[in-house]
Amino acid sequence: MIATRGRRLRPAWAYGVAVAFLVAATLVSALVGAADLNPIATITALADRIPFVHLPSGLDSLDRAVLFEIRLPRITVAIMVGGLLSVAGAGYQGVFRNPLVDSGMLGASAGAGLGATLAIVYLGSAGPSAVPVAAFAGSLAGVAMAYLSGAVGGSGTTTLLLAGVAVGLFLTAVQTYVLQRSTQDLQQVYSWLLGSLSGATWQQAGEIAPYAAVSVAIVLLHGRHLDVLSVGDEEARALGTHPGRVRLIVVAACALAAASAVAVSGLIGFVGIVVPHVVRRVAGPSYRLVLPLSLLTGAGFLVLADTLARTVVSPAELPIGVVTALVGSPVFVWILRSTNAVRT
Amino acid sequence: MNAIQVAGVTVELDRVRVLHAVSCAVSSGGWLALIGPNGAGKTTLLRAVAGLLPHRGTIRVDQTDLGALRGRGRARLIAYLPQVPVLPPDLTVGEYVLLGRTPHLGYLGAPGRGDRRKAAEASEWLDVARFAGRRLGSLSGGERQRVRLARALAQEPRVLLLDEPTGDLDIGHQQQVLELIDDLRRSRGVTVVSILHDLTQASQYAGHLVLLAAGRVEAAGPPAAVLTEDLISRVYAARVTVTADPAGYPVVTAVRPPPSSQPSR
């Protein structure tokens with residue numbers, strides 16, 4: 001028997017580590033890339049943007065454009081997408097008391113995929129610009145379908161998850177059918193499905209910011225309720241909470257968070273499942289810590305993953321979904337194996 | 001004064017009537033034990049009192065009609081420990097006990113210093129404070145029951161509902177847990193309603209027994225009035241003798257039928 005799995009970090013330390021990780025990832029990503037930016041000049045240029053700090057920057061106007069119009073918007077979108085996917089994954093795991101649930105469950109990814117495919121295939125030249133909205137709407141519609149089919153008569157969380165699987169398979173089947181009838185769009189749809197932040201702009205970041213802020217705030221405010229749910233619906237009710245209501249609110253907020261991320265990034269797997277697990281191992285299972293730490297760590301993780309995606313095979317780019325899955329799959333296996341070791 | 005008054009409570013589960021107009025009462029600070037064979041409706045009655053099942057009839061706790069209370073208000077009066085708990089294995093004892101403060105927090109509130117103090121006091125009282133940092137998954141059966149009681153105590157309820165609190169414990173730990181519950185009852189004035197399968201333990205600890213059979217109250221009263229050979233044999237379809245222990249509590253012993261009367265195998 002493994003009595004303890006390592007010591008937990010104190011919350012203050014855990015926050016410190018997560019913030020340091022995010023800052024380090026951001027700096028690395030700002031400095032690395034096709035254009036060679038002088039590190040010290042870059043850091044001074046960044047520090048110059050902090051309110052009330054005024055520093056002479058050594059960057060010329062081209063370097064400034066690379067930093068502020070290409071790299072920083074991309075880093076900002078990566079921070080948002082990574083944070084959103086991780087918080088949504090952690091929230092779903094709390095709602096379903098199931099550590100294997102991901103932000104793409106409940107028909108979210110399948111709905112987004114179908115929405116994007118429909119936009120690309122049927123909207124012609126207007127397609128690409130409509131993809132984010134279509135993916136966003138498809139993702140939310142997928143979760144709504146899963147919830148409405150699964151949440152009958154106060155049934156348990158397993159029914160809801162299974163309904164999500166069924167809805168996901170159904171939507172994926174529709175998407176495959178649509179795609180199979182217009183093979184000329186295959187390339188474009190698949191490159192979207194694998195996820196990319198290559199076209200990230202300040203405008204994208206601004207567009208998803210309101211949804212991101214609202215959804216993250218709602219999920220974070222329910223951390224304590226997810227802790228109460230962890231003792232089971234029966235005892236949670238005996239403690240005076242309403243599990244069904246908490247579940248509906250958190251699922252809605254997580255769906256909104258995941259949909260906002262998917263709209264600008266395409267489908268990026270594994271972030272929502274791997275990041276919360278790493279956080280749990282460091283800080284323990286309480287959602288009051290897991291949720292905010294997942295937000296920070298997921299943001300840093302995706303910034304690093306995106307940096308790899310755009311540098312490893314430079315000047316070409318790897319799809320970021322491929323990078324997160326390459327890192328995510330081995331970590332996932334490790335989680336499965338070590339969880340098994342604890343239970344026996 | 002009665003702490004709990006159950007009057008004409010009828011419960012249907014999946015359209016099957018499981019409780020038929022059950023009435024019973026226990027005075028403030030008393031201990032009522034629900035006894036009866038499997039399927040008699042003991043757990044159903046306990047869950048109805050905990051407000052977890054829709055029912056007809058009235059249930060009053062300290063003169064308050066439970067039907068008029070919602071979630072948190074009810075949970076500030078009543079703590080309920082089901083027979084099989086869900087204990088998240090990685091949660092620490094301290095975190096788990098603190099969950100007992102839930103009914104005292106607002107929807108978006110967080111436990112404050114006062115809540116932590118009350119959780120710590122409850123942990124001290126049940127002697128689990130010294131392993132507050134341990135994971136629930138690493139506890140023994142006896143430790144687990146003490147931790148669950150600490151969570152219930154942190155809830156500061158007037159009534160404690162316990163579904164087989166001695167479930168899978170050995171005889172020594174059963175006694176320890178029952179003594180702890182009795183201490184809690186005496187020192188804090190908490191009213192206890194528990195399901196107990198061991199009839200001798202029920203007679204030793206509970207001042208008032210309610211014998212349920214097929215969803216109806218078959219007998220109710222002090223142990224000596226309820227635990228009779230006739231009644232037990234009939235309701236449980238068991239062969240028993242009832243004697244008295246040195247302190248005078250009825251002791252129910254199962255008696256094996258003589259081998260000769262058994263069908264040959």
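Strands 11 and 12 of chain B form a hairpin with five residues between them, and B:Gly248 in the turn has a positive phi of about 95°. Helices (H or I, at least four residues) and strands (E, at least two) are DSSP runs, numbered from the N terminus. This is a predicted model, where local features need pLDDT of at least 70, side-chain atom pairs count only at pLDDT 80 or more, and totals for chains, interfaces and linings use all residues. Residues are numbered from 1 along each chain as its sequence is written, with chains lettered from A and ligands numbered from 1 in the order in which they are written.

**Strands of chain B**

- Back at that hairpin, strand 11 (residues 240–244) and strand 12 (residues 250–254) of chain B pair in the antiparallel sense over five bridges; two strands count as paired if DSSP finds at least two bridges between them.
- B:Val240 has B:Ala254 as its bridge partner in strand 12 of chain B.
- Chain B also has an open sheet of six strands, in the order 6-7-8-3-9-10 and with mixed pairing.
- Strand 6 (78–81) and strand 10 (216–221) of chain B are the edge strands, each pairing on one side only.
- From one strand to the next, the twist averages 15°.
- At the strand 10 end, strand 9 (residues 208–213) of chain B pairs with strand 10 of chain B in the antiparallel sense, over five bridges.
- B:Leu209 finds its bridge partner in strand 10 of chain B, namely B:Gly221.

**Positive phi in chain B**

- Most residues other than glycine have a negative phi.
- B:Arg15 goes the other way, with phi near 65°, and sits in the loop between strand 1 (2–13) and strand 2 (16–27) of chain B.
- B:Arg15 is exposed, because just 5 other C-beta atoms lie within 10 Å; the cut-offs are 20 or more such atoms for buried, 12 or fewer for exposed, and partly exposed in between, with C-beta atoms placed from the backbone.
- B:Glu164 has a positive phi too, near 45°, in the loop between strand 7 (159–163) and helix 6 (171–188) of chain B.
- B:Glu164 is buried, since 20 other C-beta atoms lie within 10 Å.

**Helix packing in chain A**

- The axes of helix 3 (residues 61–96) and helix 13 (residues 287–311) of chain A come within 7 Å and cross at roughly 140°. Axes here are lines fitted to C-alpha atoms, for helices over the stretch in contact, and angles run from 0 to 180 degrees between N-to-C directions.
- Helix 3 and helix 13 of chain A are therefore oblique to each other (under 35 degrees is roughly parallel, over 145 roughly antiparallel, 65 to 115 roughly perpendicular, and the rest oblique).
- By class, their contact has 15 nonpolar, eight polar and two charged residues. Ala, Val, Leu, Ile, Met, Phe, Trp, Tyr, Cys and Pro count as nonpolar, Asp, Glu, Lys and Arg as charged, and the others, Gly among them, as polar.

**Where the chains meet**

- On chain B, 22 residues are in contact with 20 residues of chain A, contact being C-beta atoms, placed from the backbone, within 7 Å.
- Helix 2 (residues 71–77) gives the most to the chain B side, with four residues.
- That side of chain B divides into 13 nonpolar, four polar and five charged residues.
- A:Pro285 lies in the loop between helix 12 (271–283) and helix 13 of chain A.
- Leaving aside neighbours within four places in sequence, A:Pro285 is in contact with A:Arg280, A:Val290, B:Pro88, B:Asp90 and B:Leu91.
- A:Pro285 is buried, with 25 other C-beta atoms within 10 Å.

Definitions and conventions. Contact = placed C-beta atoms within 7 Å.
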